[in-house]
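Student: I should like to work through this structure by question and answer. May we begin once it is displayed?

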Amino acid sequence: MLLQEIKTIFHKELEGIYPKEEIDAFFYRCIEHYLGFERFVLVVRPNTTVTMEEEQPLFEALAQLKQERPLQYILGTAHFMDMEFAVNEDVLIPRPETEELVQWIMDDVKNQTYDIRNQTSEIEHRTSEIRILDIGTGSGCIAIALAKYIPNAKVYALDISEKALDVARKNAKANTVDVTFLKQSILEPEPELALEFDIIVSNPPYVRELEKKEIKKNVTDHEPHLALFVSDDDPLLFYRAITHFANKNLTKKGSLYLEINQYLGVETQALLKAHNFSEIELRKDIFGNDRMLKGTVK
Ligand SMILES: C[S@@+](CC[C@H](N)C(=O)[O-])C[C@H]1O[C@@H](n2cnc3c(N)ncnc32)[C@H](O)[C@@H]1O
């Protein structure tokens, strides 16, 4: 069959479920993933044909897209910070907003805007280990990207979900980084976590039940609710536990970086103030929503 014909079938079948541009993106991602074709193959070779064997996974993916299963779960892989992460329904699909949070940390480390643990001299400042903790690691995307891009980082990552940790461990191995993974609930931290950290980062569950209706069906039906939702009564449950923990376990001048609920920027900021953090900074994401918060221990 002509590849162009398959593209037309994708549009016909998925029209009304997704916007045209998204259907294009699905099609090109699928032909890249399954057939190794570049995006411009149809421009360069409009008469490209594929065998029945080659077209089979494309039609299987199409059937699942019709059911609104996220493409990353269908392909079993997602991109994050120029890295490849295995994903399945046990982990949240890494989001571009979270890349911005990781970039913020990387920039701060590069610019050395804070003192590194046990820093005693200029040279030691540059070479000493930076101890980082990622709370609620999911696929491991934050922890693994930081371990990859910050050479002197010693990274710890925790999650309450053993299944998520299985995925994260595989991702660390595939991306050739060393991360210490711990199965723990941040709501009841265990003694082995009583370490001093230079940086604590978290993208905890923060979507209120009342915000469920704003979320697309492909997210609510397929992504893990454990990773997404909090009760309307206590939406800052995780932020309270994390700021409390960070206040005790960050080194002097250590920093906490949080991805936050866009509607709760002011409240989350107040929580950091109440836990003695200073230099608090709220940032917006690429979509213009309040999304990231940083605070430093006085
Ligand atoms: C929003 S997801 C973030 C995943 C990943 N860090 C990312 O940015 O894509 C939140 C994660 O927190 C984990 N989680 C939920 N409750 C937890 C708890 N009590 N203690 C630790 N982790 C928890 C979930 O399993 C999920 O992996």
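Student: Does Phe 37 count as buried, exposed or partly exposed?

Tutor: This is a predicted model, in which local features need pLDDT of at least 70, side-chain atom pairs count only at pLDDT 80 or more, and totals for chains, interfaces and linings use all residues. Residues are numbered from 1 along each chain as its sequence is written. A residue is buried if 20 or more other C-beta atoms, placed from the backbone, lie within 10 Å of its own, exposed if 12 or fewer, and partly exposed in between. Phe 37 has 18 C-beta neighbours inside 10 Å, so it counts as partly exposed.

Student: Where is the place of Phe 37 in the chain?

Tutor: Helices are DSSP runs of H or I with at least four residues, strands are runs of E with at least two, and both are numbered from the N terminus. Phe 37 sits in the loop between helix 2 (20–35) and helix 3 (41–44).

Student: Why do the buried residues of helix 13 line one face of the helix?

Tutor: In helix 13 (residues 265–274), the buried residues are Thr 268, Leu 271 and Leu 272. The arc is taken from the directions from the helix axis to the C-beta atoms. Seen down that axis, the buried residues line one face because they fall within an arc of 100°.

Student: Which exposed residues does the face turned away from the buried side of helix 13 carry?

Tutor: The buried side is covered by elements including helix 12 (237–249) and strand 9 (250–259). The face turned away from it carries the exposed residues Val 266, Lys 273 and Ala 274.

Student: Which helix gives the largest share of the largest nonpolar core?

Tutor: A nonpolar core is a set of buried Ala, Val, Leu, Ile, Met, Phe, Trp, Tyr and Cys residues joined through C-beta atoms within 7 Å. The largest one has 57 residues, and Ile 132, Leu 146, Val 155 and Ile 200 have the most contacts inside it. Its largest share, seven residues, comes from helix 8.

Student: Which residues come nearest to the ligand?

Tutor: Helix 8 (141–149), strand 4 (153–159) and helix 11 (225–228) each supply at least two residues of the shell around the ligand. A residue is near the ligand if its C-beta atom, placed from the backbone, lies within 6 Å of it. Of the 22 residues around the ligand, those that come nearest are Gly 136, Gly 138, Ile 160, Asn 203 and Ala 227.

Note on methods
Contact = placed C-beta atoms within 7 Å.
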